Amino acid sequence: MKPRRLVLGALPFLGLALTLYILGRLVNLTAALSALASAQWDWAAAAIFMTLLAPVIVAVKLWFVLKIIDYPASVARCWSAVLAAVTLNAVLPGRGGDLVRAAFLAEGPGTLGLLVGAVMLERFVDVFTLGLSSLLASIGGDAGVVPWIATLACAAAVGAVGVMSLGHKLPFKADLAERVGRSARQMFRKPGLALALVLASLASWVNNVVVMGFCLRAVGAQLPVIAVARATPIAILAGILPVSVSGIGTRDTALLLLLSDYGQQTQIVAGAFGYTVLTSWFLAAFGLAALGRETLRRVRSRADSARADAAPAGAALGGSPVGDSGTSPESR
């Protein structure tokens with residue numbers, strides 16, 4: 001299994017190299033980086049502000065997911081887990097930080113599978129709202145293949161949630177499948193919270209579209225707002241695919257191809273690079289404190305559990321834990 005794991009772990013980095021090579025054949029990457037280095041600071045500051053707002057919106061979205069599965073967690077707790085996941089996503093291939101988010105939120109036995117299901121549900125809702133936002137931006141204009149891709153994304157997300165809800169009927173790993181699928185079944189039973197989740201997800205991706213728009217303006221790209229709103233969700237979907245690291249290369253190439261009719265290839269790639277810098281690396285650096293806090297909290301939780309398990313064992317042996325008066329080897 002080890003060689004297989006090595007190959008699977010290397011695939012995103014190979015995908016990153018391949019997509020950057022393809023992007024380099026389409027545009028001068030050196031010129032794009034130069035354009036990014038000379039970005040206009042007023043637009044860049046606006047993009048930074050919207051980037052800092054993003055984890056707050058995502059935390060509210062995650063809170064709605066946890067409300068659906070009746071899992072107690074505050075919005076502040078969700079915000080901390082979201083930032084920790086962003087930091088890990090910047091270095092882990094295939095957005096592995098999202099699954100670590102479930103591990104950070106898990107508190108007791110049996111909750112990890114339930115929270116993995118919640119994170120999966122959140123991802124599927126995100127795919128649906130990304131497609132929906134692109135569809136809405138395509139109304140009343142010649143959008144080319146964008147509406148078809150967006151419709152396919154929406155249909156795939158709805159189908160995935162439907163299949164996920166049938167997890168309890170799978171003939172293998174029934175207990176884990178039941179916990180993973182519970183969030184999808186609960187979503188169908190709570191239409192009010194489901195609508196709130198969809199609206200929060202839509203708000204989070206509209207915020208990301210605004211960040212992309214500000215990044216493009218910062219590097220001098222003059223593009224129709226509706227074109228950016230139509231293309232950005234599809235480019236983000238390409239970046240979510242686990243074939244690269246942090247969506248680098250795939251997201252940029254998709255945005256370049258979708259906006260190719262407007263020229264300004266260098267500025268488009270520079271703006272896409274700026275989006276990556278802010279939403280991945282800048283937020284990752286900002287989230288290091290949250291990651292450290294979450295890691296420390298998990299260590300303390302495990303230490304408390306170990307002490308709780310050790311206490312009954314000490315009582316059963318007829319004595320107190322080592323260090324109590326009269327029981328240590330030194331006191332005998």
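Which residues in helix 4 meet which residues in helix 12? In this predicted model, Trp79, Leu83, Val86 and Thr87 are the helix 4 residues, and their partners in helix 12 are Thr279, Ser280, Leu283, Ala284 and Phe286.

## Helix 4 against helix 12

By class, the residues of this contact split into six nonpolar, three polar and no charged. Helix 4 covers residues 75–89 and helix 12 covers residues 265–286. Their axes lie 8 Å apart, and the two helices pack at an angle of about 125 degrees. Helix 4 is therefore oblique to helix 12, because an angle between 115 and 145 degrees falls into neither the roughly perpendicular nor the roughly antiparallel class. The crossing of helix 4 past helix 12 is left-handed.

## Leu52 and the end of helix 12

Leu52 belongs to helix 3, which runs over residues 41–68. Apart from neighbours within four places in sequence, Leu52 is in contact with Phe282, Leu283 and Phe286. Two of these residues, Leu283 and Phe286, also appear in the list of helix 12 residues that meet helix 4.

Leu52 and Thr279 are separated by 227 residues in sequence, yet their C-alpha atoms are 8.8 Å apart in space. Thr279 is itself one of the helix 12 residues that meet helix 4. Is Leu52 buried or exposed? Its relative accessibility is 34%, so Leu52 counts as partly exposed.

## Helix 6 against helix 9

Helix 6 (residues 111–137) and helix 9 cross at roughly 60 degrees, and their axes come within 9 Å. Helix 6 passes helix 9 in a right-handed crossing. On the helix 6 side the contact is made by Arg123, Val125, Asp126, Phe128, Thr129, Leu130 and Ser133. On the helix 9 side it is made by Leu197, Val198, Ser201, Leu202 and Trp205. The residues of this contact divide into seven nonpolar, three polar and two charged.

Helix 9 spans residues 191–218, which is 28 residues. At 1.5 Å a residue, helix 9 should span 40 Å, and the C-alpha atoms at its ends are 40 Å apart, so the two values agree. After helix 9 comes Gly220, which has a positive phi near 90 degrees.

## Glu122, a buried residue in helix 6

Glu122 is placed in helix 6. Where does Glu122 stand, buried or exposed? At 1% relative accessibility, Glu122 counts as buried, because the cut-off for buried is under 20%.

Leaving out neighbours within four places in sequence, the contacts of Glu122 are Val58, Lys61, Leu62, Val65 and Arg101. Both Lys61 and Arg101 are thus among the residues in contact with this buried glutamate.

## Positive phi in two loops

Asp70 sits in the loop between helix 3 and helix 4. Its phi is near 60 degrees, a positive value in a residue other than glycine. Asp70 is exposed, with a relative accessible area of 55%.

Gln264 lies in the loop between helix 11 (250–258) and helix 12. Gln264 is not a glycine, but its phi is positive, at about 55 degrees. With 24% relative accessibility, Gln264 counts as partly exposed.

Terms used. Residues are numbered from 1 along each chain as its sequence is written. This is a predicted model: local features need pLDDT of at least 70, side-chain atom pairs count only at pLDDT 80 or more; totals for chains, interfaces and linings use all residues. Side-chain values use heavy atoms; hydrogens and water are left out. Axes are lines fitted to C-alpha atoms, for helices over the stretch in contact, and angles run from 0 to 180 degrees between N-to-C directions. Angles under 35 degrees count as roughly parallel, over 145 as roughly antiparallel, 65 to 115 as roughly perpendicular and the rest as oblique. A crossing is left-handed if the near helix is turned anticlockwise from the far one by less than a right angle, and right-handed if clockwise. Contact means heavy atoms within 4.5 Å. Ala, Val, Leu, Ile, Met, Phe, Trp, Tyr, Cys and Pro count as nonpolar, Asp, Glu, Lys and Arg as charged, and the others, Gly among them, as polar. The expected span of a helix is 1.5 Å times one less than its number of residues. Buried means under 20% relative accessible area, exposed over 50%, partly exposed in between (1.4 Å probe, protein chains only).
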